[in-house]
Amino acid sequence: MNRKTLLIKYCTLQGLFWAICCVSSGSINTYLYEIGVGTGTIGLLSGLAGITATLIQPVLGGIADRNPAKRGWRFMLQAFSVLLLASYIILKLTSNHMISGILMALTFMSVYAMFPFINGITFYYEREGIVLDYGTSRGIGSICSAGTSYLIGAGVTAFGVSVITTTGIILTMLFVGITFTFPVLKSDVAKTDVSEENSSPAEASGETIETAQKTESTIAFFRQYPEFAAILFGFICVFCCQMLGSGYNLQICERLGGGTTEMGIVQAIASMVELPIMFSFSAIIKRVPSYKLLKIASVAFLLKALCLLMANSIYIVYAAQLIQMFSYGLFTMAAVYYANEIVTGSNKLKGQALLGSATSIGGPAGNFLGGMLIQYFGLTFDLAVAVVLGIIGVTSVFMAGKLKKKHA
């Protein structure tokens, strides 16, 4: 297995994934808003999608942990990317608002469900001594996300919202194709072959009593790692805070005299400023513990929410995106290392899935709450609530350290 070739593939996969995230998490909202779907409806559907993704993530993580050769991260990425592709294609063909809304929810759910498997790839290959540079690959993801944001913003202004679904289709087709090029570890293939030869059909599928005992229930998991639960709750609040603002970038830009072009610039800046952190993260993590980085990230999310609340010019909104370097830029890197460091045994992917649910709960919850607040109380009230949720999230993240000491 050639490390350089594998790293190129992983960087490409990350680039495509985060470009798709840009389409699904931000631009699909714009698409539905532009065709006449209300912000409340958009928020409700994205919230339901997030809840669904959250419920299935730990289950999928457990399945992948038990049978990595046949139902591991590669299978999960392929399954959800095919669902994502089908959703984009039908979304492009239909003009029905209800069907469009349901399909949007499916795109949200598919993307959120894939998060832990994308992040877990580096640790998967480390078992064979192949170290992939997660920081570089994630940085490539941000570059692709920034480029996609800017191009979609300009494309919608020039050609209309159909640019969004067309972009989603092309990116997802490329993503599906590259997942098939990743090799399965020989140790996993051998393990599966032995299991199938010496066990019943139920055991061969990975559902053995032994592995079921090793893979803990979510409740038992939180009892073993109480600090993990506090971190998770904190970042659910923080991501809810984040989406109350960034989920409605178009409305923020319109309030200050901008439009889809300005929204594209906002999202591009947010993605680009993450790069210094991501490309230098391998050096940062050697000097600063992952938990301290998560604390810094939580505070940065709160500061960004405050800036958006007080913004009276589109240029202040642009400036607020610079904080993304220390908010999402740090979180997306540090969270992967934090989960891998504190979770032991056969529950690595479950830990990644649970921490990934901070985005799949907090993000859609913020979308749902934001849609309702904007519809009934206005954008300023929405941004004020974001600040309150940010304060709650920061408090919970800082409390996690005390739980860890008590637990230890």
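The expected span of a helix is 1.5 Å times one less than its number of residues. I keep that handy for the entries below.

**Setup.** This is a predicted model, so I note the terms: local features need pLDDT of at least 70, side-chain atom pairs count only at pLDDT 80 or more, and totals for chains, interfaces and linings use all residues. Residues are numbered from 1 along each chain as its sequence is written, and side-chain values use heavy atoms, with hydrogens and water left out.

**Overview.** I looked up the secondary structure and got 21 helices and zero strands; helices (H or I, at least four residues) and strands (E, at least two) are DSSP runs, numbered from the N terminus. Of the chain's 408 residues, 57% count as buried. Buried here is under 20% relative accessible area, exposed is over 50%, and partly exposed is in between, with a 1.4 Å probe and protein chains only. Then contacts, meaning heavy atoms within 4.5 Å: among those with a separation of 6 or more, 86% are between residues 24 or more positions apart.

**Helix 6.** I checked its length first. Its 26 residues reach 36 Å from first C-alpha to last, close to the 38 Å expected at 1.5 Å a residue. Right after helix 6 comes Gly160, with a positive phi near 100 degrees.

**Helix 6 against helix 7.** I wanted the packing geometry next. Two packed helices are described by the angle between their axes and the distance between the axes. For helix 6 (residues 134-159) and helix 7 (residues 162-179), the axes come within 8 Å and cross at roughly 140 degrees. Axes are lines fitted to C-alpha atoms, for helices over the stretch in contact, and angles run from 0 to 180 degrees between N-to-C directions. Helix 6 and helix 7 are therefore oblique to each other: under 35 degrees counts as roughly parallel, over 145 as roughly antiparallel, 65 to 115 as roughly perpendicular, and the rest as oblique. On the helix 6 side I listed Thr148, Ile152, Gly155, Val156 and Phe159, which meet Ser162, Val163, Ile164, Thr167 and Leu171 of helix 7. The residues of this contact split into six nonpolar, four polar and no charged. For that split, Ala, Val, Leu, Ile, Met, Phe, Trp, Tyr, Cys and Pro are nonpolar, Asp, Glu, Lys and Arg are charged, and the others, Gly among them, are polar.

**Phe279.** What does Phe279 touch beyond its sequence neighbours? Leaving aside those within four places, I get Gly135, Thr136, Gly139, Ile140 and Ile143. Phe279 sits in helix 15 (residues 275-279) and is partly exposed at 39% relative accessible area. Its C-alpha is 5.0 Å from that of Thr136, 143 residues away along the chain.

**Cores.** The largest nonpolar core has 92 residues, and Phe228 and Phe235 have the most contacts inside it. A nonpolar core is a set of buried Ala, Val, Leu, Ile, Met, Phe, Trp, Tyr and Cys residues joined through side-chain atoms within 4.5 Å. Helix 5 (residues 97-126) gives the most to this largest core, with 16 residues. Another core lies apart from the largest one; it has 15 residues, including Cys253 and Leu308.

**Phe228 and helix 12.** Outside four places in sequence, Phe228 has contacts that include Phe221, Phe222, Tyr338, Ile342 and Leu354. I also pulled helix 12 (residues 226-246): its 21 residues reach 30 Å, close to the 30 Å expected. Helix 12 is mostly covered, with 18 of its 21 residues buried.

**Leu403.** This one is in helix 21 (residues 379-407) and is partly exposed at 33% relative accessibility. Leu403 and Phe228 are 175 residues apart in sequence but 9.0 Å apart C-alpha to C-alpha. Beyond four places in sequence, Leu403 touches Pro226, Glu227 and Ala230.

**Gly363.** Is Gly363 buried or exposed? It is buried, with a relative accessible area of 2%. Gly363 belongs to helix 20 (residues 348-376) and, not counting residues up to four places away, touches Tyr112, Phe239, Met243 and Ala358. Its C-alpha is 7.4 Å from that of Gly50, 313 residues off in sequence.

**Gln78.** Last lookup: Gln78 is in helix 4 (residues 73-93) and is buried at 14% relative accessible area. Past four places in sequence, Gln78 is in contact with Thr179 and Phe180.
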